[in-house]
Amino acid sequence: MTLKVDIKDKIKQNSSMFVNFIKNAITASPKVQNNFLEVTTKVAETALKIIKDADLIVDLNYKGKEFWSINRCKTSCFIDGGVDRTSIISSAPLSIRAGSYIVKPDATSKREFFEESMVFLGDLYDPKNELYDFVDDDFEEDQMLNKKKDGARIIFEAATIVKHILLNKKFDYCFLHGPLEATVMPFTVAGFPTFTKFAVENMFPFISKNSSVEARHFINAYLEALNYIKKSKFPIYGIVETSNSAPYIKNLLFNYKIKGTISDKDYNSVIKTIKKYKITDSHILEIILSSGQALKPLEVKKQLAGFTVTSGSAWEEKMDSFPKVFIGYIKTSDNQAPVRIESLNYPKYLIKDYEYILGTSRLLPNYGFPVGLNVVDKFAKIPNWMSKTSRKYYATHLLRQAIKNKDQNTVSLAVKILSKKSRSWKNRPIGGISK
Amino acid sequence: MSKLNNWKAIGTVLGETDINEYHFSLKNYKAKKGDIVTTASRLPSTDGTVIPVTVWGKISSIERFNAFFPAEAAQELTNEDIDIRDTILPTTKDELRCKVIILGYTEDGKEKISKLLPLNYPVMPAAIVKYPSSKDVEELFISDLDSSHPISIGNLLARKDVEIKIDGDNLISRHISVWGMSGSGKTVFVRRILTELLNLKYPSFVLDIHGDYLGFVQKQKKYFPDNKVKLFYPNLSVRAEDKEIVYTLIDKLGNTLTDPQRDFLNSLLEKIKYEGGSLLQYIKLLNVKAREFASSGSASFKNVKPASMFVVARSLRIVSKKLENMEQTNARHRRKMSHLKFEELPDSATEPEKIISKGQMSILYLRGYENLPASAIVSIVLENLFRHRQEASEEIAPFFTVIEEAHNFIPSRSENKDDIPSVDTIRKVISEGRKFGTGVMIISQRPSRVDETIASQCNSQVVFRIVNQRDQRATTRDSETLSNDDAKQLPNLANGQGIISGQIVNYSLPVQIKFDEKLINDDIGNENFIDTVENWDDKESVKLRKKFAKDFADINEIDSRRAN
Ligand SMILES: Nc1ncnc2c1ncn2[C@@H]1O[C@H](COP(=O)(O)OP(=O)(O)OP(=O)(O)O)[C@@H](O)[C@H]1O
Ligand SMILES: [Mg+2]
């Protein structure tokens with residue numbers, strides 16, 4: 001039983017490989033097309049050798065019934081953000097929200113909570129909007145608007161995690177749908193607005209009230225948030241379904257280059273090949289890993305200065321301040337590419353935590369990622385009917401509901417962002433919301 | 001507005017709305033299908049101002065789903081025998097999504113709830129949906145029905161305390177169809193209507209096939225002391241002009257005839273003049289005459305062979321035998337109810353007032369009669385009664401006809417039962433009846449087998465439980481107001497639950513019909529075959545047959561014994 005045969009076999013059953021092959025067939029030159037399979041196989045073979053050498057593969061254990069009878073006592077929080085994508089010329093109505101699905105299967109009273117943790121409903125072209133400081137720019141293009149939306153979603157997701165930590169939630173696990181540390185490069189462009197004082201104060205109370213306008217810029221606010229999240233007592237993971245790039249493999253190769261195991265020349269040429277053939281972590285790891293196997297995390301630098309347009313920008317040196325991310329992979333099901341697991345610290349209980357991710361993913365066999373994220377994804381999604389007219393009614397409805405339920409923890413931030421009158425509220429509400 | 005504030009909030013309007021319907025997400029257990037709900041809205045009025053209104057609607061369907069439960073999770077749960085409650089899957093996030101058909105709006109700030117006006121501006125998304133009090137719903141229905149003769153038929157299915165009334169004037173001047181499978185509650189509903197008509201002194205004529213209406217006769221003194229309830233049995237008497245019917249009867253009841261044999265029958269009918277009176281006697285006479293002609297050869301009918309004449313004679317004999325049998329069966333049933341006074345049906349041509357008169361219900365007891373003769377009888381009576389209404393002299397008052405087992409009297413063309421004499425009559429009464437005050441109610445278990453054009457002329461409908469798909473389709477086909485959502489509900493209705501729609505109400509409503517138990521005829525009641533068997537004693541003839549059977553069996557046994 002040779003390695004080669006094994007890999008060839010896997011390629012045959014490998015879906016994402018096939019998809020990429022087809023994609024390449026359409027866009028790439030005939031030569032690239034012809035070589036794709038062969039090159040990928042070769043890279044995978046080499047990667048596997050290194051991975052084995054580094055002893056990175058772990059076998060995870062999962063027995064359905066037993067797993068859940070042990071883990072039913074765990075409290076897990078799943079977080080996801082949603083943005084509506086409708087945009088209307090001349091006004092930029094926007095709904096963004098981040099939701100949390102918190103579940104403790106064996107809880108005696110209420111086992112699950114759906115929390116609308118952060119909500120923004122407003123118009124980004126409204127100078128008085130509560131989210132971004134207004135920048136008077138007649139030529140604001142669509143692209144900037146989309147960046148603002150993305151930035152808001154990312155910051156809301158981070159703020160949601162922050163809020164749970166602030167409120168001292170006793171979670172065993174916290175999962176975010178998507179990268180735990182997003183690539184911040186898109187927000188370094190000139191003209192990207194700062195968040196309002198109101199928004200930042202409400203989301204991140206640890207950012208000093210007296211700090212400069214600069215401190216409210218996405219890059220700074222996000223960095224502060226990540227540093228705060230890094231200190232969390234409970235483990236927090238970002239789960240990414242498919243990788244469009246190869247951070248793990250590239251880092252692995254890089255480490256071996258540093259160690260001297262791979263020559264500079266070989267390293268450079270293989271990196272070039274990976275780029276040329278658009279080979280991703282998913283392709284390679286899907287071949288290498290079997291269902292139920294995982295890769296131990298590697299520490300990866302996410303924000304690469306000088307790598308893109310940000311080169312020379314005011315933010316360039318900030319990039320180095322961002323925490324490094326630990327990236328691991330789990331192959332949760334036979335027919336899906338492995339999911340990427342991101343954390344800001346090296347997992348304290350790697351096997352246990354990864355087995356938990358595997359267990360929760362087995363309940364979503366066709367997608368192969370934790371089912372709780374699928375649940376919160378549906379919850380956070382902005383429904384189609386949230387058109388411009390309905391949004392206003394929805395906002396007042398939310399406000400009313402928040403007051404009626406006295407459920408300050410969940411919606412208070414939402415209410416504050418919605419309602420200017422509530423500016424005076426303390427950040428961590430201490431009861432009596434209706435006053 | 002003050003009213004609105006007292007009503008309980010039960011949900012929030014979702015999505016895009018229009019002037020006909022909207023969806024809302026319902027709080028658990030706060031409303032049911034068929035419930036009436038409201039939502040506050042604002043409309044542009046004709047003078048350019050904006051007015052606050054209450055929009056009324058009916059929940060036409062409810063879907064319950066756990067939007068957050070991925071279907072594929074079920075597979076793993078089953079395969080691994082995992083209890084969902086041990087997992088992180090959501091178990092409590094059921095969502096209820098209701099579709100509401102908008103009935104109309106009323107203006108706020110009025111003393112009383114007014115008549116519903118058609119909505120011309122969509123309701124507000126994210127508006128609160130409220131559950132109006134029963135008193136207010138009832139008030140709305142009453143003011144909206146705006147009827148000078150409201151007839152109470154029961155209560156709103158979803159709400160016991162909301163009485164449902166229909167418009168009596170519309171009921172008797174138009175036509176109504178009542179569909180539903182056996183035992184679903186049709187007859188109970190009809191009795192409810194007939195009770196009210198008796199109270200209004202409105203004459204009615206009921207074709208009773210099974211004796212379902214005999215309770216009215218039995219309980220008349222007690223419950224309807226000011227009314228008359230007459231019970232008739234048919235007599236097959238035909239006027240000379242109705243030769244067509246005579247021919248059809250003989251043709252259909254007897255043997256199948258060849259063309260020459262038919263010619264002979266026709267000539268026979270020409271020759272032997274019918275003076276009116278008992279049809280049976282006339283057919284017997286025809287039989288005798290046919291025989292005479294046959295014996296005397298082809299003397300009087302040049303082109304007909306005597307053999308053919310004999311065939312016709314035999315056929316006539318069969319017909320008279322059948323008619324006799326039916327009469328006897330009917331008479332036997334009547335004898336079983338000796339305390340009920342049966343009268344021979346008066347001649348509807350000459351004495352229609354004996355059948356239709358103010359304050360009187362006339363029941364024609366048709367038990368024992370096959371479809372065709374029953375149809376002939378009905379055709380003749382209705383034809384005459386209708387003619388008396390049509391004529392300028394108006395010899396009888398307006399009246400209401402109830403036709404049970406309507407698929408027998410007005411079969412669909414696809415049933416291939418042409419020449420059912422009642423089809424034409426009933427079609428005529430239904431299409432012209434409105435002018436003359438001859439409302440008809442047709443009742444059937446099999447709407448798909450009822451004549452489509454007649455059914456579609458019924459402007460009101462009451463539909464009870466129907467499981468058969470073809471029949472379900474037929475109900476929506478015939479109705480303008482019954483929606484597909486309504487049709488979906490049909491198989492799930494319980495006894496006495498029906499969907500009422502059309503001109504007698506203003507919108508289709510699921511109703512629990514009031515059951516007047518007192519009107520059940522104690523003599524027949526609900527057939528209880530177990531009791532019957534318990535008290536069963538074989539008839540003499542059966543006893544004898546059993547005795548002989550034993551003997552024959554013995555013979556047979558001996559016969560088949562092998563000789564040794
Ligand atoms: N409104 C009602 N409330 C309570 N029970 C009812 C109601 N309607 C019908 N039932 C019950 O169902 C029985 C059958 O009802 P009904 O005789 O009206 O059926 P049907 O539709 O006329 O059936 P068929 O087609 O066989 O004549 C009744 O005797 C009664 O027990
Ligand atoms: Mg009946």
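How many of the ten residues of helix H12 (residues 371-380) of chain A are buried? Keep that one in mind as you look through the views below, which all come from a predicted model.

**View 1. Helix H12 of chain A and its surroundings.** Nine of the ten residues of H12(A) are buried, so this helix is largely enclosed by the rest of the structure. Moving along the helix, the buried residues start with A:Val371, A:Gly372, A:Leu373 and A:Asn374. They continue with A:Val375, A:Val376 and A:Asp377, and the list ends with A:Phe379 and A:Ala380. If you like to think in turns, an α-helix has 3.6 residues a turn, so residues three or four places apart point the same way.

**View 2. Chain B as a whole, for orientation.** Chain B contains 19 helices and 18 strands. It has 564 residues, and 53% of them count as buried. Among contacts in chain B with a separation of 6 or more, 74% come from residues 24 or more positions apart. The chain exposes about 26500 Å², with carbon and sulfur atoms supplying 49% of that area.

**View 3. Where chain B meets chain A.** Here 29 residues from chain B come into contact with 33 residues from chain A. About 2700 Å² is buried between the two chains, and carbon and sulfur atoms give 62% of this area. Eleven residue pairs are in polar contact across the interface, counting pairs with both residues at pLDDT 80 or more. On the side of chain B that touches chain A, strand E1 (8-14) and helix H2 (73-79) of chain B each supply at least two residues. H2(B) gives the most to that side, with three residues. By residue class, the side of chain B that touches chain A splits into 16 nonpolar, five polar and eight charged residues.

**View 4. A salt bridge between the chains.** Two salt bridges are counted between chain B and chain A. One of the pairs across this interface is B:Asp81 with A:Lys65, whose closest N and O atoms are 3.5 Å apart. B:Asp81 sits in the loop between H2 and strand E5 (95-107) of chain B, while A:Lys65 belongs to helix H4 (residues 64-71) of chain A, so the pair joins two chains. A:Lys65 is partly exposed, at a relative accessible area of 44%.

**View 5. A buried pair in chain A.** The side chains of A:Glu116 and A:Arg97 form a salt bridge, at 2.3 Å from N to O. A:Glu116 lies in strand E4 (residues 112-123) of chain A and A:Arg97 in strand E3 (residues 93-103) of chain A, so the pair ties together parts that are 19 residues apart in sequence. Are these two residues buried or exposed? Both A:Glu116 and A:Arg97 are buried.

**View 6. Linking two helices of chain B.** In this view B:Lys284 and B:Glu324 meet through their side chains in a salt bridge of 2.5 Å, N to O. B:Lys284 is in helix H10 (residues 279-295) of chain B and B:Glu324 in helix H11 (residues 306-336) of chain B, and the pair links distant parts of the chain, 40 residues apart. B:Lys284 is partly exposed, with a relative accessible area of 29%.

**View 7. A network of charges in chain B.** Which residues make up this network of salt bridges? They are B:Arg413, B:Asp424, B:Arg427 and B:Asp451. Over all chains, the count comes to 35 salt bridges.

Methods:
Residues are numbered from 1 along each chain as its sequence is written. Chains are lettered from A and ligands numbered from 1 in the order in which they are written. This is a predicted model: local features need pLDDT of at least 70, side-chain atom pairs count only at pLDDT 80 or more; totals for chains, interfaces and linings use all residues. Side-chain values use heavy atoms; hydrogens and water are left out. Helices (H or I, at least four residues) and strands (E, at least two) are DSSP runs, numbered from the N terminus. Buried means under 20% relative accessible area, exposed over 50%, partly exposed in between (1.4 Å probe, protein chains only). Contact means heavy atoms within 4.5 Å. Accessible areas come from the Shrake-Rupley method with a 1.4 Å probe; for residues, only the protein chains shown count as cover. Buried area is the accessible area (1.4 Å probe) that two parts lose on being put together, summed over both. A salt bridge is a side-chain nitrogen of Lys or Arg within 4 Å of a carboxyl oxygen of Asp or Glu. A polar contact is a pair of N or O atoms within 3.5 Å; within protein, one must be able to donate a hydrogen and the other to accept it, and residues adjacent in sequence count only if both atoms are side-chain atoms. Ala, Val, Leu, Ile, Met, Phe, Trp, Tyr, Cys and Pro count as nonpolar, Asp, Glu, Lys and Arg as charged, and the others, Gly among them, as polar.
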